[in-house]
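Please open the structure in a viewer and keep the selection panel at hand. The tour below proceeds stop by stop, naming what to select and what will be found there.

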Amino acid sequence: MKKFFQEIKADIKFKSAGPGQKLTDSAGEKAPKERPNQPAHWPPRQGPTDEAQMAAAAALARLEQKQPRARGPSSQDSIRNQVRKELQAEATVSRSTEAPGTNVAPEPREEGSPHVAAPGVFFTCPLTGATLRKDQRDARIKEAILSHFATDPVAASIMKIHTFNKDRDKIKLGVDTIAKYLDNIHLHPEEERYRKIKLQNKVFQERINCLEGTHEFFEAIGFQKVLLPVPDQEGPEEFYVLSAAALAQPQSLERHKEQLLSAQPVRATLARQRRVFRPSPLASQFDLPRDFFSLTAEEVKREQRLRSEAVERLSVLRTKAMREKEEQRELRRYTYTLLRVRLPDGCLLQGTFYARERVAALYGFVREALQSDWLPFELLATGGQKLSEDENPAFNECGLVPSALLIFSWDLAVLEDIRAAGAEPNSAILKPELLSAIEKLS
């Protein structure tokens, strides 16, 4: 049986060995192989399946996790250093953009240009009524106060005390001390010691002598400088002594004291520069002069410093008080604003305001220009936002800086009454003297 299976295996090997070869044939000759006449066509390669793509993405994610990543700054000092580098680079770029041949923002219009919406920011002296530029305010007001000494020396000296001195705490302390001197004289007119003020007294030197205008006030209300002997001292000293004529009029001293306590510093008032323009499609275009938002070199440095502080604040946590202080500083960014009110007849009423002024000031400004100033009306900002005179927000809180166009609208009840009377609600509503000076907006 074993032999039988061996023969079967040998036969199978023999048949699988291929065609035979004669012994007489040369060893190098082999039977030619048949080649197919047509080239083989390979099937098109298929794209990776969804499972394969997901596996590849997972593999890439594992590789990225294994690779070391660049770590950012881990301390406040390193954050500040990085901020400084970025700001220095930004400053370098800004300087390069200001080089000749580059695009530079257009300069604000010069004062006096016929195309400027307002010639500038001007003020009115409350003593003389003169119109002043910003750089003339302090000098002209001081001149007006000094010239007032010829007519009313008491009032002039009070104005000098409150205006020439800038430290409000020192002013209050000095004024209260002077009021105390006058109160003692009024309460004890028969006691001579209250009618004398020693000029070298420590309280007088620290609280009164350091203020401008105090000596002029004492002399204006009846005090005189006198040299008097001092006990236990060789030489005399200088005193202010109240004259007998002033002592005989205690009501005048009391009145002067009240004037001194209630006085305020003399400040130039902002000139509204009210102008009326004809209806124009340029109503919402404002070409403001330099006075409204020009930046000096110091202001540019301050803006750069504020930006540096802002970037640094982003790296630390801020309390609610810190955030509120930041918001208040943003509100103080603009000092003035130019506002226009479009009236029902299309005319434009324009005026200059402080950015921190309240909406009630604008309502009063418009009401003064109306023929019927008792009729209620509304003012609407861009987008239909109603400016409420009762809530009375500031212009910078409403976003009405450095310029804005507002719409005048009659109260609904007034509008119905006007139409019921057969009148035209869109007719001229300004005073005739304003319409006579109407201008063309260009």
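Which residues are linked with Lys257 in a network of salt bridges? Select Asp183, Glu254 and Glu258 together with Lys257: these residues make up the network. Please bear in mind throughout that the model is predicted.

**First stop: the network**

Within this selection, display the side chains of Lys257 and Glu258, which form a salt bridge whose closest N and O atoms are 3.7 Å apart. The two partners differ in their cover. Lys257 has a relative accessible area of 7% and is therefore buried, the limit being under 20%. Glu258, at 41% relative accessibility, counts as partly exposed.

**Second stop: salt bridges across the chain**

A search of the whole structure yields 13 salt bridges. Select Glu237 and Lys198 next; their side chains meet in a salt bridge with an N to O distance of 3.4 Å. This pair links distant parts of the chain, since Glu237 belongs to strand β5 (residues 237-242) and Lys198 to strand β3 (residues 196-198), 39 residues apart. Colour the two by accessibility: Glu237 is buried, with a relative accessible area of 14%, whereas Lys198 is partly exposed at 28%.

Now move to Glu397 and Arg358. A salt bridge joins them, and 3.7 Å separates the closest N and O atoms. Glu397 is part of helix α15 (residues 395-398), while Arg358 sits in the loop between β9 and α14, so the salt bridge ties together parts that are 39 residues apart in sequence. Is each partner buried or exposed? Both values fall in between: Glu397 is partly exposed with a relative accessible area of 46%, and Arg358 is partly exposed with 38%.

**Third stop: aromatic pairs**

The structure contains 13 aromatic pairs. Select Phe353 and Phe365 and display their rings: the pair is edge-to-face, with 5.4 Å from centre to centre and 85 degrees between the planes. Phe353 lies in strand β9 (residues 348-354) and Phe365 in helix α14 (residues 359-369), so this contact ties together parts that are twelve residues apart in sequence. Both Phe353 and Phe365 are buried.

For a group of rings, select Phe204, Phe217, Phe218, Phe223 and Tyr240, which ring pairs link into a cluster.

**Fourth stop: a contact between distant residues**

Select Phe292, located in helix α11 (residues 290-293). Its relative accessible area is 4%, which means that Phe292 is buried. Add Ser403 to the selection and draw a line between the C-alpha atoms: Phe292 and Ser403 are 111 residues apart along the chain, yet these atoms are separated by 9.4 Å.

**Last stop: a charged patch**

Finally, switch to a surface representation. Which residues gather there in a patch of positive charge? Select Lys142, Lys166, Arg168 and Arg267 to display the patch. Of these residues, Arg168 may be followed back into the fold, as Arg168 is found in helix α6 (residues 168-187). With a relative accessibility of 37%, Arg168 counts as partly exposed; patch members must have over 30% relative accessible area and no salt bridge.

Notes
Residues numbered from 1 in each chain as written. Predicted model: local features only at pLDDT ≥ 70, side-chain atom pairs only at ≥ 80, totals over all residues. Heavy atoms only, no water. Patch = residues over 30% accessible without salt bridge, like charges linked within 9 Å, V, L, I, M, F, W, Y side chains within 5 Å. Areas by Shrake-Rupley, 256 points an atom, 1.4 Å probe, with all protein chains shown as cover. Salt bridge = Lys/Arg side-chain N within 4 Å of Asp/Glu carboxyl O. Lys, Arg positive; Asp, Glu negative; His and termini not counted. Charge placed at Lys NZ, Arg CZ, Asp CG, Glu CD. Helix = DSSP H or I, 4+ residues; strand = E, 2+ residues; numbered from the N terminus. Buried < 20%, exposed > 50% of the residue type's maximum accessible area, 1.4 Å probe, protein only. Phe/Tyr/Trp six-rings, centres within 6.5 Å; stacked < 30°, edge-to-face > 60°.
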